[in-house]
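User: Could you take a close look at one part of this structure for me? I would like to start from a single strand pairing and work outwards.

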2 protein chains.
Amino acid sequence: MPSLPRALGELGGSCGEYGDRVDELLRGSGCGDSVPLHRGRTVFEPCARPRGWREREFGVSPEEEAPVGGVPELREAFAEGVGGPRGGDVLPEQVLVTGGATHALSIALRAVLRDGDEVLVLSPHWPDAAALVRAAGGVVREVPVFLELGAAGFGFDLMGAVEGAVTPRTRAIYFNSPNNPTGYRLDRRRLAVLVELAERHDLWLIADNTYDGYDFTREGFPDIAGIGAAAERTFSAHSCGTTYAMPGNRVGYLVCPPEAAATAVGWARCTGGGVPTVAQFAAYEALRTPRAELDRRRDRAAAAWWLADSTLQVPHTEVSGGLYTFLDLRAWGDGERFVRRCAQLGVGLAPGRNFGAHCGSWARLCFTAAPPQRVAEAIERINKIYGEGADEH
Amino acid sequence: MPSLPRALGELGGSCGEYGDRVDELLRGSGCGDSVPLHRGRTVFEPCARPRGWREREFGVSPEEEAPVGGVPELREAFAEGVGGPRGGDVLPEQVLVTGGATHALSIALRAVLRDGDEVLVLSPHWPDAAALVRAAGGVVREVPVFLELGAAGFGFDLMGAVEGAVTPRTRAIYFNSPNNPTGYRLDRRRLAVLVELAERHDLWLIADNTYDGYDFTREGFPDIAGIGAAAERTFSAHSCGTTYAMPGNRVGYLVCPPEAAATAVGWARCTGGGVPTVAQFAAYEALRTPRAELDRRRDRAAAAWWLADSTLQVPHTEVSGGLYTFLDLRAWGDGERFVRRCAQLGVGLAPGRNFGAHCGSWARLCFTAAPPQRVAEAIERINKIYGEGADEH
């Protein structure tokens, strides 16, 4: 066959690949009751299940192809939901229904990047973020901030760290808050720093709001697009799979600056088209989930975090939102070895190096990936391995 | 906001856009009973409807996220289906479940192209094909062949035409057969020419098999991947939406050369991820449609073609497969004006210029986009406008 121009490794082999590898380690361990805390998921019931429907329920029939940007009724519902947090009206035309937050981010990156443009990726970062930037022709510049913010708080110069990475080729800042993998949440004051920087250097802001439904603080989730004039330069990616516990439905949405929306729809059209109508209807049903039920889920996630925090004997990040804590294994040794050792005892963790070049001595734990009792059992095993020390293996 | 690096026009504004424009013309005409023959569709009943299901029916639950390449059961079923036409066993790993044929083509193009690589797009071509090539960083080189083959048959030097367009930057040949918009079908002898050329110049073959279910000839659909050693260099895109009349379900699949499959999955992962599980299940159900029923649908499409052919008083291409004929308006004048005039009388046609730089005096008619009686009425109006001549308007 002809040669392939790009090796997969160029995109970042980490993209989802470590999950399969840890699955394999777990299978190889022979532990019948392994606990897959390496996967980002919840054990919550889905808020809606796919089903057929009548046309009058949704404006289109199940068989009909939706416009590339999504079924109008669903775009309107999403727009209404984000209008408040973004600080003003959002037009349905600004909202694209996408194949999950991944697809949303992919479209935003394709829309704003030329080949070789740099994206400041605040790190540790969701592994796929780096691959998405590269797949869109961009160059990843990791900017370590979340561990530093967690450790030093206001003692950390966020503005200096991010601005120090800006070059003439920088086009955008990507960040995920509440953060995967650290659980760190950027508050309005930190977000305002990013807005100021973006305005000063004329950058796009690409906000990965996947965990906006899991902000554990009293203030609740702050949307960067609602700060000052940020909405005109902010693409926000949202995940119904995460918020409504429907990962198999693969629906998310992208909120675009008004003047960039048509371009984003164009990129959606030219890279694969729209989302199955049946999946859009299931998301539409999920949107009717009562606020109290969503709050209850958030509180269950927070309770899972408290349980993990109070039982873990491994140093780990302080969590204010999301589904993860990041284990600090610097005193133990290599994070990869720790992950392998845990897998031998039937506990799945995600190796830290996938989350940033400086994260080799860390590992991610998802505290919602199993029922509380199972998470507690897994943490007991993790503590045991950590207590044994690195040298014994 | 910061500037957007690429105008949508660079991708080819034609991408789906003419459909909305003709819709608007039809609405503006005030004809209550307009016939939308500009859309590529059938009026057939869907072979399956989305519904919930039990896990044991499909190996995964509707809520569960499928692997990026698709649910294993569905990949196996697709692989089994294409094995025969491709001339040998196809491994499930070679098959990716995609968001329609569009997404399949997008992935194949991203996998094989570097920025600036040229793709020979045999034309007239599906409008979105050009946009997909550009969105993948490629450069479109149109190679007019289908009208020439239709007019001159073996008098036309296919090898010379295609080979004359090869440059050192050429990486792939894209073609769609049965062809949208001409209805021309490349037989095995013509396909063998393309294989020979691809081998001689070490090119990829990107076969758009969207209309493989609508081959009206006695031989049936010939898959280029089944010719000689072509399978090692052929990506084939298939559309369940077209074959099973389920456009709203947006499922298709991409068959890859064995050694390119992992790369294709990587691109799928880094550009949006997988297809909703519920949509994959609906496609799986549709695959159980009896052969006789699919043959009946093909025969209905062929009957629609015979009706159009026998009633059209406008010169048009001879159809051996697919859902379209291309109207030759060179004697009448400008194709765009003809389309506008037809819209005034409530008939939607697709303007020819979207299908190739040399097709401005043509227009596409989809003979399956309305029930036969409605198509016949629409053709009466088309004949009337053609008979009036261009000068009167």
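Which residue stands opposite E118(A) in β4(A)?

Analyst: Happy to help, and please keep in mind that this is a predicted model. The residue opposite E118(A) is T170(A), in β4(A). That position belongs to the pairing of β2 (residues 118–123) with β4 (residues 170–176) of chain A, which is parallel and has four bridges. In general, strands of a sheet pair through backbone hydrogen bonds, in either the parallel or the antiparallel sense.

Now for the sheet around this pair. In chain A, seven strands make an open sheet in the order β1-β7-β6-β5-β4-β2-β3, and the pairing is mixed. The edges are held by β1 (95–98) and β3 (139–144) of chain A; each has a single partner strand, so one side of each is left without a neighbour in the sheet. Between neighbouring strands of this sheet the turn averages 20 degrees, with direction ignored.

A helix comes in here too. Helix α5 (residues 100–112) of chain A lies across β1, β2, β4, β5 (204–208), β6 (234–239) and β7 (252–255) of chain A. Relative to β6(A), this helix runs at about 165 degrees.

Following the chain out of β4(A) brings us to a backbone detail. P178(A) is found in the loop between β4 and α9 (188–200) of chain A, and the peptide bond leading from S177(A) to P178(A) is cis, its omega being near -10 degrees. Chain B has a cis peptide bond from S177(B) to P178(B), where omega is near -5 degrees. There, P178(B) sits in the loop between β4 (170–176) and α9 (188–200) of chain B. As background, most peptide bonds are trans, and most residues other than glycine have a negative phi. D202(B) is not a glycine, yet has a positive phi of about 50 degrees; this residue lies in the loop between α9 and β5 (204–208) of chain B.

Elsewhere in chain A, a salt bridge joins E285(A) and R51(A), with an N to O distance of 2.5 Å. E285(A) belongs to helix α12 (residues 277–286) of chain A and R51(A) to the loop between α2 (17–29) and α3 (55–58) of chain A, so the pair ties together parts that are 234 residues apart in sequence. Over all chains, the structure has 59 salt bridges.

Let us step across to the partner chain. The contact between the two takes 64 residues from chain A and 62 residues from chain B, and about 5,500 Å² is buried between them, 58% of it on carbon and sulfur atoms. Five salt bridges are counted between chain B and chain A. One links D20(A) to R269(B), with the closest N and O atoms 4.0 Å apart. There are also 21 residue pairs in polar contact across this interface.

On the chain B side of that interface, α1 (8–11), α5 (100–112), α6 (127–135), α11 (261–269) and α12 (277–286) of chain B each supply at least two residues. The largest share comes from α5(B), with six residues. By type, the residues on the side of chain B that touches chain A divide into 28 nonpolar, 16 polar and 18 charged.

Chain B also offers another sheet to look at. An open sheet of three strands there has the order β8-β10-β9 with antiparallel pairing, and its edge strands are β8 (324–328) and β9 (350–351) of chain B, each pairing on one side only. β8(B) meets strand β10 (residues 362–366) of chain B in the antiparallel sense over five bridges. Within β10(B), A363(B) is the bridge partner of L327(B).

Terms used
Residues numbered from 1 in each chain as written. Chains lettered and ligands numbered in written order. Predicted model: local features only at pLDDT ≥ 70, side-chain atom pairs only at ≥ 80, totals over all residues. Heavy atoms only, no water. Pairing = 2+ DSSP bridges. Axes fitted to C-alpha atoms, helices over the stretch in contact; angles between N-to-C directions. Contact = heavy atoms within 4.5 Å. Buried area = accessible area lost by both parts, 1.4 Å probe. Salt bridge = Lys/Arg side-chain N within 4 Å of Asp/Glu carboxyl O. Polar contact = N/O pair within 3.5 Å; in protein donor to acceptor, adjacent residues only side chain to side chain. Nonpolar A, V, L, I, M, F, W, Y, C, P; charged D, E, K, R; others polar.
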